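Reader: I should like a close look at a single part of this protein chain, set in the context of the whole. Please describe its surroundings with care.

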Amino acid sequence: MAQAASKTCEVCVSAPGSPYCIDCEEYYCENCKLLHNRQKLSRNHQFQKASDLIPEGKAKCTEHKDELTLLYNTCNVPVCTRCVAGNHNGHTFSEFVDAVAKLQGENETKIRNKTQKAKQNIKKIEESLRSFDNSLESVITAINDEGTLIKRMVDETVAQMTALVKEQSKKEKDKLMNMLSDAKSVLVTGQTLDRKRKELDKTRQDGSLVQKINNLKEEIDKLTINSLPEFPNISFSRKAVAEDDIRQLIGTFTIR
């Protein structure tokens, strides 16, 4: 654990406390540090810069004021040696330093395992994202390809249906044209016979006139007017197609 550096010397309580005495667990200004180092008892004390993280000093037992050197295993309570002989007599203990080192080691291992697992998860997620993007592109390409195929099939079918309707319609139109030609021929023949009739009306009535009129009558009787059949009709029945039908025709996609 660490504590923040003090801003005031804990000896003179006036100057800024920059150096930190690890042994005394106190901050010193530069002048007090020099004096501290000159004293026989503190000559070998070690100092650390206040700009660094300063480790906390050795913990003291609140009851006996002795250094906490043991750890009560059952409840993880730090105790001093006098506590062992007192309230905690007969309990199992571990060296405080060893117990702390063990706990720190366990935490380090747990953190390393969890961070490693997190890195593995990140790698898997990133790989999944790349794979998903590739699959997405494949699906979009497949949809477009299927749409293009269906459009081509529609265009071909439209062309075939158009050619077929033109072919069958031509047959019906040919029948109508033949009927029209026959009707015009009958009309021309009838007009010719009508002119003959008018000429006979102007002819002198003699023995040959009756024969001529009978001959004309025979020609008129031979002129046949065919009855007209039912004329053909053409129409188109549209098949109702919804957007969903088109989507089902192209295909479906799933995300799971």
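Reader: Where is S42 placed, and is S42 buried or exposed?

Author: Helices and strands are here DSSP runs, with at least four residues for a helix and at least two for a strand, numbered from the N terminus. On that basis, the protein chain of this predicted model holds five helices and eight strands. Read from the N terminus, the elements follow the order β-β-β-α-β-β-β-β-α-β-α-α-α.

S42 sits in the loop that links α1 (30–38) to β4 (47–49). Buried means under 20% relative accessible area, and S42, at 2% relative accessibility, therefore counts as buried. Leaving aside residues up to four places away in sequence, S42 touches H36 and N37. With H36 there is a polar approach: a polar atom of the S42 side chain lies 2.3 Å from the backbone oxygen of H36.

The setting of S42 may be read against the chain as a whole. Of its 256 residues, 12% count as buried. The accessible surface of the protein chain comes to about 21,100 Å², and 54% of this belongs to carbon and sulfur atoms. Among contacts with a separation of 6 or more, 35% are between residues 24 or more positions apart.

F253 offers a counterpoint to S42. Exposed means over 50% relative accessible area, so F253, with 55%, is exposed. F253 is found in the segment after α5 (243–250). Together with F132, L136, V139, I140, I143 and I255, F253 makes a nonpolar surface patch of about 650 Å².

Notes. Residues are numbered from 1 along each chain as its sequence is written. This is a predicted model: local features need pLDDT of at least 70, side-chain atom pairs count only at pLDDT 80 or more; totals for chains, interfaces and linings use all residues. Side-chain values use heavy atoms; hydrogens and water are left out. Patches are made of residues with over 30% relative accessible area and no salt bridge: like charges are joined within 9 Å, nonpolar side chains (Val, Leu, Ile, Met, Phe, Trp, Tyr) within 5 Å. Accessible areas come from the Shrake-Rupley method with a 1.4 Å probe; for residues, only the protein chains shown count as cover. A salt bridge is a side-chain nitrogen of Lys or Arg within 4 Å of a carboxyl oxygen of Asp or Glu. Buried means under 20% relative accessible area, exposed over 50%, partly exposed in between (1.4 Å probe, protein chains only). A polar contact is a pair of N or O atoms within 3.5 Å; within protein, one must be able to donate a hydrogen and the other to accept it, and residues adjacent in sequence count only if both atoms are side-chain atoms. Contact means heavy atoms within 4.5 Å.
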